[in-house]
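Okay, thanks for having me, everyone. Let me put the sequence and the model up on the screen, and then I'll walk you through a few spots in it.

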Amino acid sequence: MPQKRSISVIIPNYNGRQLLERYLPAAFRALEKATVPFEVIVVDDASSDTSVEFVRSHYPEVGLLVNSINQGFSFTCNQGIKSSQYELVMLLNSDVLLEDDYFEHLWRYFEHPDSFGVMGQIINDQGKTEDAARMMAFQGVKFKATHFYYCKDPEKWTPTAYLSGANALIDRKKLLELGGFDEIYSPFYVEDVDLSLRAWRMGWKCYYDHRAICHHEVSSTTKKHHTKKKLYPVLYRNKFILQAIHLDGMNLWKWRFQLILLEILPRVLIGKWWIVRAFVAYKNKKPQIRRSKNKLKKLMQKHQGQKSLFDIKKDFFDPVKDWESFSTGED
């Protein structure tokens, strides 16, 4: 039997009082059924609703951290990660409901010293699979993970390009070694992809288990508080930052040409001017991108991680059999 491990659950919250009321009980049920030492930490990102008062009055056993100003997802999660004390960190969105046996099949992944983390299947409120293992792929030299899949044999270990920040169970020591989420992506989007890619490049592995199930209330958080007009420039800025951090040498130069010719110009020609705002915002992050790349290179040297994203795809995603694959429909 795999050894069970203690868990620190980190829940970022912004104006999610009703979500906490709805889904915190399920988190406690799953943790209690796991029969391990645990703690739950809610990190409030300067909510204007009664979230803080609700947690204090109804869940005094929950660790509560409160940002004085709104800082975004990465900073908020990092506050919880820094204050965690147990062996594994569970990153859990406030709008996600864990099934009671969520942790039952996940212990085995942490028997291996090179495991970074594991996530389970996310089912939306229409009963459809919203997220599963992500296939590592490329469009030209641009990293993509728009197809997800699962293995028909539950005993086989299924790698995933990245762990969803909504339900990722991660080795705490490795997470702290990476410094948690890179706050260059604030306020939100793509930070979980970057975290997982950094882990892969250290030589650590990210996994998915189709039997660990949670449920997600679609569009209940970020999209509720922001319009597409505001979200798209942030999303694409962060997609550009991700490529710039994880591509090097000729591949980086090729991506820059691909970016202009295949992503910026076509959208400008059909009047999607928000892509220009995204590109300018990305260019303004050049000093921070350089710092993130240098930090990653130093960590890779320390852990003797020599793999590019293309190497990881070849070694872990190309030779797989018995996979059921389907598209997310994302760009």
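I'll go through a serine, a pair of helices, some salt bridges and an asparagine, in that order. One thing up front: this is a predicted model, so please keep that in mind throughout.

Let's start with the serine, S47. Where does S47 sit? You'll find it in the loop between β2, which is residues 38-44, and α2, which is 51-58. Is S47 buried or exposed? S47 comes out at a relative accessible area of 18%, and the cut-off for buried is under 20%, so S47 counts as buried.

And who are its partners? The side chain of S47 makes a polar contact of 2.6 Å with the side chain of D44. A polar atom of the S47 side chain also lies 2.7 Å from the backbone nitrogen of N15. If you leave out residues up to four places away in sequence, S47 touches N13, Y14 and N15. So N15 turns up twice here, once in that list of contacts and once through its backbone nitrogen.

Okay, on to the helices. Please find α5, residues 191-202, and α11, residues 309-317. Their axes are 10 Å apart, and the two helices pack at an angle of about 75°. That makes α5 roughly perpendicular to α11. Which residues meet there? On the α5 side we have L197, W200 and R201, and on the α11 side L309, I312, F316 and F317. Sort the residues in that contact by class and you get 6 nonpolar, no polar and 1 charged.

Now the salt bridges. As a reminder, side chains of opposite charge can pair when their charged atoms come close. How many salt bridges are there in this model? The count comes to 20, and I've picked out a few.

First pick: E217 with R22, where the closest N and O atoms are 2.5 Å apart. E217 is in the loop between β14 (205-216) and α6 (222-225), while R22 is in helix α1 (residues 17-34), so this pair ties together parts that are 195 residues apart in sequence. As for exposure, E217 is partly exposed with a relative accessible area of 21%, and R22 is partly exposed too, with 42%.

Next pick: K174 with D171. Here the closest N and O atoms are 3.4 Å apart. Are these two residues buried or exposed? Both K174 and D171 are buried.

Then there's D209 with R211, at 3.1 Å between the closest N and O atoms. D209 counts as buried, at 2% relative accessibility, whereas R211, at 26%, counts as partly exposed. This pair also belongs to something with more members: salt bridges that share partners join R108, E155, D209 and R211 into one network.

Last stop, the asparagine. N251 lies in helix α8, residues 249-269. With a relative accessible area of 26%, N251 is partly exposed. What does N251 touch? Not counting residues up to four places away in sequence, N251 touches V141 and F310. For a sense of distance, take F181: N251 and F181 are 70 residues apart in sequence and 25 Å apart in space, C-alpha to C-alpha.

That's my tour. If you'd like to go back to any of these spots on the screen, just shout.

Key:
Residues numbered from 1 in each chain as written. Predicted model: local features only at pLDDT ≥ 70, side-chain atom pairs only at ≥ 80, totals over all residues. Heavy atoms only, no water. Helix = DSSP H or I, 4+ residues; strand = E, 2+ residues; numbered from the N terminus. Buried < 20%, exposed > 50% of the residue type's maximum accessible area, 1.4 Å probe, protein only. Polar contact = N/O pair within 3.5 Å; in protein donor to acceptor, adjacent residues only side chain to side chain. Contact = heavy atoms within 4.5 Å. Axes fitted to C-alpha atoms, helices over the stretch in contact; angles between N-to-C directions. Parallel < 35°, antiparallel > 145°, perpendicular 65-115°, else oblique. Nonpolar A, V, L, I, M, F, W, Y, C, P; charged D, E, K, R; others polar. Salt bridge = Lys/Arg side-chain N within 4 Å of Asp/Glu carboxyl O.
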